[in-house]
Structure formats: C-alpha cells, structure tokens
Amino acid sequence: MGDTELELSPARLEELQKSPSTSSTSSTSSLSLPSSPSSGPRALTSSSPSTSEGLPTSSPTLDVISEGVGELSLVIDTEVAKKACQEVLQKVKFLKPDGEVSSATSEPVLVNGTAHPESTNGGKPPKITTEEAEPVKSVRRRQKNNSSKQSWLLRLFESKLFDISMAISYLYNSKEPGVQAYIGNRLFSFRNEEVDFYLPQLLNMYIHMDEDVGDAIKPYVVHRCRQSINFSLQCAWLLGAYSSDMHISTQRYSRGTKLRKLILSDELKPSSQRIRREVPQPPPSCPPLLHHGQGMSEHSLSPSKRTHQRSKSDATVSISLSSNLKRTASNPKVETSQDEDLSSSSDSLELEAGTTNCAGNQYINKNCDKLVSYHCKSVPVRLTPQREFIKSLMGIGKRLATLPTKEQKTQRLISELSLLNHKLPARVWLPTAAFDHHVVRVPHTQAVVLNSKDKAPYLIYVEVLECENFETSSVPVRIPETRIRSTRSVENLPDCGITPDQRASSFSTVPNYDNDDEAWSVDDIGELQVELPEIHTNSCDNISQFSVDSITSQESKEPIFIAAGDIRRRLSEQLAHTPTTFRKDPEDPSAVALKEPWEEKVRRIREGSPYGHLPNWRLLSVIVKCGDDLRQELLAYQVLKQLQIIWEQERVPLWIKPYKILVISSDSGMIEPVVNAVSIHQVKKQSQLLLLDYFRQEHGNYTTEEFLTAQRNFVQSCAGYCLICYLLQVKDRHNGNILLDSEGHIIHIDFGFILSSSPRNLGFETSAFKLTSEFVDVMGGLDGDMFNYYKMLMLQGLIAARKHMEKVIQIVEIMQQGSQLPCFHGSSTIRNLKERFHMNLTEEQLQVLVEQMVDASMRSITTKLYDGFQYLTNGIM
Amino acid sequence: MAQTEKKTGLLRRTSSSKKPLKEKVVLMYEEIFAKEDPTKNNPRFWDELFLMKVNLEYLEGKLESLDGDEVMRVKDNINSLFHHCVQALSEEHQIKVVNALQTLCALFRGVHQKNKSATGFDIINMLMGFDKAELRMKELMESLDSLLCGDGSESLKSLCLKLLLCLVTVTDNISQNTILEYVMINSIFEAILQILSDVSSRSQHGYDSVVLLALLVNYRKYESVNPYIVKLSIVDDEPTLDGMGMVIHHALTDYNRQYKDKEEENQGGFFSTLTSMVGSMFIADADEKLSVQTNEAILLALYEAVHLNRNFITVLAQSHPEIDMSATPAAPVPASPTTPLGTTPPSLDMMNNPELPLDPNLQTSNLLITFLKYSSIIMQDTKDEHRLNSARLCLIILTCIAEDQYADAFLHDDNMNFRVNLHRMPMRHRKKAADKNVPSRPLVCAVLDLMVEFIVTHMMKEFPMDLYVRCIQIIHKLICYQKKCRVRLHYTWRDFWSALINLLKFLLSNETILLAKHNIFQLALQVVNLFNMFITYGDTFLPTPSSYDELYYEIIRMHQVFDNLYCMVLRVSTNAGQWKEPASKVTHALVNVRAIINHFNPKIESYAAVNHISQLSEDQVLEVVRSNYDTLTLKLQDGLDQFERYSEQPREAGFFKELVRSISLNVRKNVSLSTMSQDLLLKEFSSIS
C-alpha cells in the first residue's frame, strides 16, 4: 500500500483550490507520478501491454491509442479529483481553526488533491490500533479540542494496516465529516474487488445514514458507475433492494432512490465523448508538475493494480470506439477484415468464426449495427440489454410459479428458455461469474426447476464466451443450432446420377458410416466410432450390405459365433460400470441434474453446443430466484466469506463454501449454485442408505484413500458449518438445506433464518447447531480420532474468529441500519452476536464450551424432532 | 354507416339481376372480346377498366366459351389485357391493383379451363404472346414480389398469394404447367420467406405461403433443377424456419383440436353413443367424413421442409406453449428478425408478453409432438384413399426424422420429457386407455408407441403392407441410433416385442390371402431382424440385464409362432417360385431365434420334470434362462444395424406425383371459393381508400 506522504506547501494548495482548470492538469501528474517506487513504474508498464495487446500490428493507431490512454484516465481523474478536492477543502476550511497548531514536524498530507494540515505529535501509536470502535468515538468527541488525536487517526489511516475493513468501520462509526470525507476519498485507493465486497454496506450507509456519510460515498460510487456497467447495475439493484424497507413516501424522495434513478437513467456513462473532445489539447503543465515531484494523493496512494485496470478498460473503450466509428463510415461487410487489425485479438477471432459460417455475413452485419449503436449513437442502451435479460429471467420465474406441477414447470421452463435463446448472443452476462464474458446460449434442455413449495426457483446452465471486457469486446456472432449440419444441406437434393442401388450401397456399407458422420463435429465422429462395439468391428468385412445378403454370401465363409452369455454379461457389466446416478423423479427433477458430475456435464453440453468448439467457451450455472428476498443470503455470504478469509489467514483448515448472491430487488435475485453437490435429503431418498453407507458406496471402503479424504473433507466442512450455524444462529436446518458434494464436504444453504429469526418460532432447533448421529457416524463415531479432530477444529476456528470479531460484527451491524429484515428483529441482535464470540472466556473455557455445545447438539431431541417434523410436513428425509 | 352500405349493396344486387341492364364492366369485357382494339374508341379504356369491379364469372365464362378461331382473333386483345393487368399492378391506386390481380386470376383460369388439351405453349401464346411472354412474366413476378414484400395492405398481399396459388394449380399436373417455368426463373422464394419470417404477416398469410412453397417445390421435381428446391434446402435463417414450423404447427394443431372436439361430441355419454349408433345406421357417416378432411398440403410442406432442409429439424423440437389458435390468432412467435440482437431489449415481444397464455392446463408442446398426435389420428383409419396417402406421408416424414442424427439426439434426450397423448382407436378387445396416465418420457417413446399402435391396429384383410414396411423401417432406424450411441431407453420393450410377434402370427395365418398381393417375406424378414438386433446387440442399448432375459422369455413363450414361420418359409423356399429367394432369406435370419428356442425349451422341460411342475411361472422360466446362457452360442449376423437411407426418387416419385395432383385439385377448389369471398374484402377496401 502506498503510504507516501508528500509535501505540499499551503501556497500550492491555495493555487490548486483557486484554479480548478489547472487542477485538472495538475492531477495528470498523478498518473505518471511514481508515488511509491514499486507502484509507479508498474502502473506504466502494465498499462502499455494492455494497449499493445489490442493492437498487435498497426503502429500508427497505437500512437493514437496510447495517447488516448493517458488522457482517458487523466480526464476521469481530474473530474473526480476536482470534485473530491472541493468537497474536502470545504471541510478543511471548517477544521482549520483547530488544526492550525501544525508544528514544525507537521507534514501537510495530501489527500485527493487536498492537504489535511495535521500535526503529528510523537504520541503512542499502539493506542489507536488497539482501540476498538468505542474509543474511536471518544476520539471523535474530543478531537475539536485535541487535534493531536486526529493526527493519530491520520497516521493510522495512512499506515499499511489500514485496510478496507477498517475504512468501512471508521466510515460507519465516525461522525466527523472530515474523517468521513477522507475515507470517501481513500476508497479510491483500494482495489475494486476489495471495495466491491463491502458494496452492500456502503450503499446501505448511503441510503440510511446521514448526509455526510452519503456525500462521502457518492463520488466513489458515481466514479465506479461511470467505469463499469456491471457495477452500475449492482448498485442500482442493491439501492433498490435496501431502499425497499423505507416507508413508501420517504422512499420516493430518498437519496438511495435518487441515486438509483441517476444510475438507471444511464447518465453515468464513461465520459468518452468528453475525452474525444479533449484529445487535441495535451496538458502542457504536466511535465513541470512532475518535476516538482508533487502529485495527487489519490494516485500516489493507489496501488498499481488499480491504475492498471482503469487505464486498460478505458483504453479498450477508445479502441472499440475508434473502430466502430470507422464501421459506420463504410459498409460493415467490407470492413470486417480491416476491423480485425484494429480491434482486439479476441474480437478478430470471433469475426473469423463468423466468416466461416454461412450466415456469417448477415450476423456480422447485425453485430456491427449493434456495436455501432452501442458506442456511437445510443449510449442509453448501455444498461438495457442486461436489465432486460435479467428481467426476462425473472419473468420466467413468475410465470412458472403459476403452474401447478413440477413437470409442467420444467417443460415450460425449457420452452421459455428456448425462446430466450433466440435473443442470444447479446451483450449480457451473469453477474455471479468471476470473469468477463458474453452469454451466447442457454442449453435449455438442461435447465431444471428446483424444489420449492410455492415459488419456482430454477437452475439454468449458461454457455458463455470469455472475453477481455464485456463492455467493449464485440458480442460473438450467432451460430445457428445446426451449424454442424449446414455443410450437408444440399446432400439430400434429388440426385440424378446415382442409381438407387448405388445409393443404397453407398449408405449401407460400413466405411460409409464415416461419410455419413462427416458433417458432425470431430468429437462426434470419434465418439461414435469408439462406441461401435467390438463385435461389430470384428465382423465388418465390407463385403455384405444387408444381413440377408451376408448370410447367403457368408455360407462359404466361416461364420462367427458369439456366446449369448457374453452379451448378457457385457450388459450387466456396462450397467454396473456407469457411475451411480440418480433415478429420474418427476417430482424432484433437480436431483438427477445436480448429481451429474460437473465436468461431465460441461463436456456433454459442450459437445452439443454450436459454440463448443471455441476455445473461450465456458459453462456457468445460476439459480434464478423469484419471489425470494436474498438480502439475508447476501449478508450470510458476506459473513461466511469473511470467516473463510479469517480462517485462511489464521491457517485453520476449516472448509466452507460461500456461494455468491446477487440481490436484484427485495424479492428476486440470483444464486451461484454449488456444483457437484446434492442435498442430503436427495441422497437419502435416492440411495435409501444411511449417510455412512452412502459414503462407502461413493468413495469406497473405510480404509481406502478416497474414503479417508472424503471423511476428512466431511469433518472439516462440518466443523466449519457448525461454527457458522452457531455464530449466525442459522435455523431451518433440515436435510434439504444441507448439501453434500462429491468430495464429501457438506455445504449449508438457505440462510433464510439467521440471527434473530427462526421458522415459525415453534421452538424447535434449540441446539447450537445440527449434529446428528449419522454425521457422527461418518466421522467415525464418538471415540474416533476424526471426531476429536472435529472438536479441535471447532475450537481453533472459534478462537480465530474471535480474534477478528470486529470484521464480522461490522458487516452485520451496518446492514442493520434501516433494515426490516427478520434477522434483525428485536434490539439485541448485535449484542447477542457479539456474545457468541465469548470474548471473555479463556481458551480453556472455550474448549469446554465447544465440548458442551457438541454434546448438547448431539443429544438434542429437538433436532430429531425437527427432522421428523420436516418429514411429515414437507416430505424431507 | 355500415347499415347503409349494406343497403346499397342490396340495392345494387337487385338492380344487377335485372337482365337487360348490363354492368359497365361486362360491356367493356365485350369490347375486349370483339376484334377491335378497345382503345380505338376510348383511349382511356384500360384506365377505366381497372376501376371497375371485376366480374370473374363473366370473364372466365367468356374465355371458356371461345373456340379456336375466335381465340386467334382476339389474341391481341387478350395479350393487351394481360399486359395492362401487369402494368396496373404497379399503379398507386390500390383499387386498380386489386382489380388487376383478380382479372389475372380469371385470365389464367379461364384460359386453362378452355384449353385442357392444349399445350402450355399455346396458352402462353394466347395470354402473353410468345415474343413478349418472358418480359411480361418477369414484370408480373417482379410486381408480385414487390407487393408481397412491401408494406402495403394485407388484403392485397393475400390476393397476390391467391393469384399465385391459382396460377400454380390451374393444371392438374403441376409439372405440365408451362407458365411456371417463368416462376422458376423469376423466383418469389425470397418473398415467401419474408412473409414467413415476419410475425404479423405470417399469421395472416403463412398458410397460403407454405402451401404455395410446397407446390412450387414439386414443379418438375425429378426432371429438372428446381431453384425452389435448391433454395429451400439451404435456408438457415432461424426465424424464417421457425415461422414455417409455426404455420405448420398451427394447421396441425387446429386439425387435432377439431378432431378432439368431434370425438368429445360423439362421446357425450352412453345415450348419445347409442343414438349416434342408431343414426349412423341410416346416415352414412356424413359428419365423420367431414373430420376426414386431412390437410395434405400442409403435410407435404412439412415433408419438403424436413426432407430438404437440414436446419428445419431443430424447428421440430422448438417447444412452445400450446397456443389456442382461435383465442389468439396472431400467435406470439419467437424472434422477429427485424430486431437486431442485443440492441433492442431481448424481451420485447415474447418474454414479457402479457398475451402469453398463463393457463396452467396448457401443455408445452412442439411441432414434433403435434405431428405425432396428428399422425395418430390419421393412422386410425386408412381405408379412405386420402387418409391412406396422408398416413403414408406421415410415415415418410417420420422415416426422414428417424434418419436424422440431430433429430435422433433430441428424440432420445433424457432431459426433454413430454407427455404425448396419442389417439388410440377404440377397439373391441381393449378399453380406451385413460388419457392422463401417459408418463412424461423422452419423445422417442411416443414415436415407438405410435409405431406399436399402428402395428397392432392394422392387421386386417386390406393389409397396408407398404405402411407396415415403413413402420418397421422407422423402428429399425431408431434402434440403430440407440445401438450406435448406446442410448438405454427405458421403454416397455415387452409390449413392443409381443406386438411384433403378433404381426408375424397374423402374416402366418393369412399367408394365402396376403401372398396374392404382397411380398410378406420382406416384412417378416424385417421383423425377424429387429429381433436379431435385440439378441445380438442388446447389450448396447437395453436398459437392464433383466430386459435381456425378458426378450428370451418372450421368444420362448411365443416359440410356436417362430416355429410356424420357420416351417412356412422353409416350405416356400424349397419350392421353386417367385418367393423362393425372399423366403430363404427369412430362414437364414431365423437362425438365432431358433437356436434360442431349441436351446432353452429342453432345459425348461427338464426343469419342469425335475421339479414336478406342470406349468412354470414366469420367474421360473427366467431363472432357467439366466442359468443357461453360457451354453448357448449365437451366430453373428452382419449388417443388422445397416439400413437403406430414404430416397424419394425413384421409389416414391409416383406417390408424390399423385399426391401433388390431389393437393392441386383441392387447393384450386378452395382458392376459387376464397377469391370470391375476396369481393367482400374488396368492398371494405374500397370504402377505406
């Protein structure tokens, strides 16, 4: 982290403040300014390859582009910096009377083009670091009289220890506008991914907390929205979802709603137009400033990665812009070859793929129109395709909910998705994915409706093509479903020359089978040939055409004999060798689909897809939930993720699997499915086995390596989730909500009842977590080593979690603001949560506690009762 | 307003019925049929003519009544009329266009009715004149093309299509219609495709366009290169193909629903069945015949699409909610081609369409399912010539589908399960199966069901040998796919086997009658070879080991049939005669079946003897089978999984020629009717403009 402190005389500061026009130029220096020895050069070098990647050959354009890069990031920076500058300066003015104490040692520290003249008395640094939220408040209270405190705070803020978690915490706890503004600016210096994790918190604060916090956050949010469509949409969705708890009258005029409208109005587009206009004026004052070694802290503080990313994305914007402008200038069809040189490598690849296709031209044409309209004419559609995509997925969910049976739902789902396919590929993507891509196809027959009583959540698989940047890379051309077949389309024409006999023979002799399969993709041929049974290949002597002929003609030859027993044996062997699959059950269509190993599914779908041959083809899956509030799920995800990080950091081998959540509104969203996992309910229903026996069936006998690995995985995940269940008070733990993956891990899903809420308050599930005797059996029984290992892991995990309690609490606490979610019901949610970390206990006492909890959970009659209750009411085993 | 209009209409009718008063237009027609050039007296004659309402009956009648000499005399005037008709098509005034279209219709029809025996060249000469023909037709086709593709009035487009249909069907044998040569040169294929690809135009003109296309494709199909065939075979635009599928789907759905309504009407309880039974004793199924009206034209279109265009196969599986045609005539359709992907919201027409029916009782369907249901209705009764042809065409289409790898892939797709309620003929010895019990299965099960259903319901004196052969071929092709791709279908193979064995039994017991007409050995051979597939390759596609046991059980249980068959074919093959060769093939094919019977029967008998059981239970037999596999040796037969691919020429050429002829007749009949009703439309049209 760049914690450089740069000197800046008050005079220069004044200058900055007076002349906003120069401030724009002054901040230009920040780009190239080596703020810290490590980050500076990296920023430069890393931005250049990205541009050269896009333009492999043409050197003249490279110049233009590289110039553009500088200006792009430049302009955005100035803008943001300017705004931030003014805001913070105002506050500084307000602070100045107190802060005038600046002693000789004081270093005016520059933050986003502003100096906070703070004094640094040689105090006791550890004080602040050890201080928790409470003491900070007192600091805040006292700071008007005692500015030294604040300078300590500043010291902390600029130290390496200051991370995003602390920033959020101070933003939330501090009531001091200066501190808030400072942190608002500091947000720019964190990596995007870091801040993204706390996006729900940031936006919730923006919506529900006072003006100052909102003002501090807004510039950052706006800036990021300009940069990224994805971020814009995420913000808009979250803002909508978290505003929904407000009273309808206040909601309409609330800040959150306004910001949401602003984002959705799509006015926050990347200021590309302005860039173009400003291109001809290279900032002359750049070099001198550089010389002075004075830079804007925003960049001096920012780690290299950020600069790199921004410049990269902006560069690509300009690339596609320029190429698209050219496209409009002339006939797109003719332009394609030229475009290949101009656009990025992935772009040209797609175009190539398009030209090999018969329908290529037509689609390229369409494609170009689309691109052109995206970048040149109508930037308003920037967000539209994705919003419509999501909307149609939700629409499907709503319509499915009206159908009575699972079977009808499944059929309807398949047909609706096949219609959706007509609109693809498009500039749409799955927000849950970790890489940039375009959705090209939904293999509709693979989609399944999930088990739910009255809603209709469904799981879809989505074929995507990975790309550099979904906003700027061109959308892949559409390949018709029957791509592999088109080469043969004339084959069935009435063929005059061939006599029927010739025809018959040419099609019926064995070598011609290959001919027949010619049009199939290469994989297909291989597969089909492999699958020709051995007997067949032995016997195919090409002489015969039909069995009838063969028998007569073979009279002279030696007949081949086979044993009936062999056929029967092969049949049973082949069936035995197929991996254990679940039976089809119309009432539980998802079981079969989820049981199929992910790799196998990917391979299978890839084979059947017209896009499967592309190297950047990927398969993703997503659960679409309609009518469900996923905000609690998102909160749980954040807590799980945080705990996962903590445990990793503290090297506790607990295993948990936080799955990504996308909140779209207060009653809809998407979930990233856990692959290779089926619910324990499905396992038990399908296999009719005890869990331990199922483990043996799947992984082999007790002593095998495979079984032991699976068992260890089970124990580590079980311990992890037991802690989660205890800390978060996760309820409704029936077997339908616990998954078992192919490696033996258990994964808890459905965090609909956490913290202060529990299902129907029947008083079931009073134990700390769910630990059935079946689980214990898998761990090797109460006396086994693995069971002890399990308890040991729990203890270690709890100790580690306790150490970083604040990070966990903070996530929950901020989200409580203005929330009506059932998990925050009552006033003691946070206090109870804190208590469950048992800060006051010694490690020995903690160990006792863990033992007690395990004991109690195991003996808990209510767990069994709850399972029984679920079996009776919902048929969940 | 409307009322006054009606009144005037009435008045006009009465006035026109008065004999001495002739319509102005008739007077003008008379001028044309006079020798003189009509423009001599009235230079604006043609302009005025097309402002008059066309009197089709008169014009056609007049043309018909001309004899050879007269024709030659008025030829110039007729040529000139034709010429001005074509010119009027590009007029701005739409009334003129409408009248010109109708006049052209009358011209084509009148001339052809007159000259039934005349060669096509004479007709062309009479209408357009040899020297001008090419130019005139080019102009005509271009005008029609622009009318069809432009955004003019819908009724105009409809009239254009009627004209084309009229032109295509003026001769009984489409290939003798020489004028069509010009339609081949000046293709309107693109216009047809455009109509099909657009949602709104498809719902209005889809049917006519599809029928027109099907007919055009059949013009001199086997003699020359038909550009429509070539073009149809390479269409790969999904919206267009979908549109075509949609039109066919609607037509078939409509038929299915009509049939179902009728059926329900007839099944209104015991009393009504009784009365209808009594009634039918007197009236020879008057309304039964009505439902017989099969739609061969649409079926032919489906065939051509499936047969010629590989991309169309995907359309078959394109599922969509079953749409009630009567409720929403302008059915929601996927993807209109005009919206480029991505730029417009993807959900514009379909996703958020409030019109999308939300009726929970609606079953999701696709073209293939509808077609299967349709086939099941058609195949119930094949006595009537039309229905027999339709059933044959259905089976041919299924043959094409079963041969297609992609189609096989989705037929066997385990994730695409559907309930397909096939129609089953009510028969004495079985109850009508309850409709709702059909489980949801891969589509291939429905195809197999349909085949089994056909097999068991058509063992009659008028044995449809040809259909049986096709039926067995379809099954064979499907099983070949299953073997090749190792698809283990969970199907009730047992019923299937027993249906096949019953078929053999029927062939045996009616040997003498059938042999007089058919080569029953070919069919018997196919059936036996299906069994050979199961016996030798069962390991690759049977779902469970026990199903292999059941196969043996079934063969052993019905060994009498196989024994008798063997005796019969042995007898025939030892006698010299025309059946010697085919019969000997069957004897060879039976080698494994006989091996099984001869191997297990003694074992079973000895088991019964040892255990002192007179009648073995199924389980006991299966037990014997299971324990005695290893001592049984089978002979491997070659080429069981090879099949002759379907080819239309020359085997089916005759059938299609006849089919197209009958379709032409039918379409001509219907077009003339609807053109008349076009008058009404026209009236409405004239009041608007």
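**Notebook: salt bridges first, then the two chains**

I opened on A:Arg604, which is partly exposed, with a relative accessible area of 29%. Worth jotting down before going further: I'm working from a predicted model.

**Entry 1: the A:Arg604 pair**

Which residue does A:Arg604 meet in a salt bridge? I looked it up, and the partner is A:Glu596, with N to O at 2.7 Å. How accessible is A:Glu596? Its relative accessible area is 16%, and since the cut-off for buried is under 20%, A:Glu596 goes down as buried. So I have a buried acid paired with a partly exposed arginine. The general idea is familiar: side chains of opposite charge can pair when their charged atoms come close. I also pulled the total, and the count over all chains is 55 salt bridges.

**Entry 2: a pair inside one helix of chain B**

Next I checked B:Arg136 and B:Glu139, whose side chains form a salt bridge with N to O at 3.9 Å. The bridge only just makes it in, because the rule asks for a nitrogen within 4 Å of a carboxyl oxygen. Where do the two residues sit? Both are in helix α8 (residues 130-149) of chain B, 3 residues apart, which puts about one helical turn between them. The helix geometry helps here: with 3.6 residues a turn, residues three or four places apart point the same way. For burial, I noted B:Arg136 as buried at 9% relative accessibility, while B:Glu139 is partly exposed at 27%.

**Entry 3: a pair across sequence in chain B**

I then went to B:Glu453 and B:Arg424, another salt bridge, N to O at 3.0 Å. What does this pair tie together? B:Glu453 is in helix α22 (residues 443-457) of chain B, and B:Arg424 is in the loop between β3 (417-418) and β4 (441-442), so the bridge links parts that are 29 residues apart in sequence. B:Glu453 is buried, with 9% relative accessibility, and B:Arg424 is partly exposed, with 27%. Following shared partners elsewhere in chain B, I found one network of salt bridges that joins B:Arg44, B:Asp47, B:Glu91 and B:Lys96.

**Entry 4: chain totals**

I stepped back to get whole-chain numbers. Chain A comes out with 42 helices and 12 strands, and chain B with 32 helices and 5 strands. How much of each chain is buried? In chain A, buried residues are 58% of 877; in chain B, they are 58% of 689. For chain A contacts between residues at least 6 apart, 78% join residues at least 24 apart. I got 78% for chain B too, for residues 24 or more positions apart among contacts with a separation of 6 or more. The accessible surface is about 35700 Å² for chain A, 54% of it from carbon and sulfur atoms. Chain B has about 28400 Å², with 54% belonging to carbon and sulfur.

**Entry 5: a negative patch on chain A**

Which residues form the negative surface patch I marked on chain A? They are A:Asp210, A:Glu211, A:Asp212 and A:Asp215. I looked at A:Asp215 more carefully: it belongs to helix α12 (residues 211-227) of chain A. A:Asp215 has 33% relative accessibility and counts as partly exposed. That fits its place in the patch, because patch residues need over 30% relative accessible area.

**Entry 6: odds and ends in chain A**

I looked up A:Gln682 in helix α34 (residues 680-687) of chain A. A:Gln682 is buried at 3% relative accessibility. Its C-alpha is 8.4 Å from that of A:Asn735, with their positions 53 residues apart along the chain.

A:Tyr170 is in helix α8 (residues 164-173) of chain A and is buried, with a relative accessible area of 6%. From A:Tyr170 to A:Phe157, 13 residues apart in the chain, I have a C-alpha separation of 9.7 Å.

Last stop was helix α15 (residues 255-264) of chain A, where the buried residues include A:Leu259, A:Ile263 and A:Leu264. After α15(A) comes A:Asp266, and I noted its positive phi, near 70 degrees.

Terms used:
Residues are numbered from 1 along each chain as its sequence is written. Chains are lettered from A and ligands numbered from 1 in the order in which they are written. This is a predicted model: local features need pLDDT of at least 70, side-chain atom pairs count only at pLDDT 80 or more; totals for chains, interfaces and linings use all residues. Side-chain values use heavy atoms; hydrogens and water are left out. Buried means under 20% relative accessible area, exposed over 50%, partly exposed in between (1.4 Å probe, protein chains only). Helices (H or I, at least four residues) and strands (E, at least two) are DSSP runs, numbered from the N terminus. Contact means heavy atoms within 4.5 Å. Accessible areas come from the Shrake-Rupley method with a 1.4 Å probe; for residues, only the protein chains shown count as cover. Patches are made of residues with over 30% relative accessible area and no salt bridge: like charges are joined within 9 Å, nonpolar side chains (Val, Leu, Ile, Met, Phe, Trp, Tyr) within 5 Å. Lys and Arg count as positive and Asp and Glu as negative; His and the chain ends are not counted. The place of a charge is taken as NZ of Lys, CZ of Arg, CG of Asp or CD of Glu.
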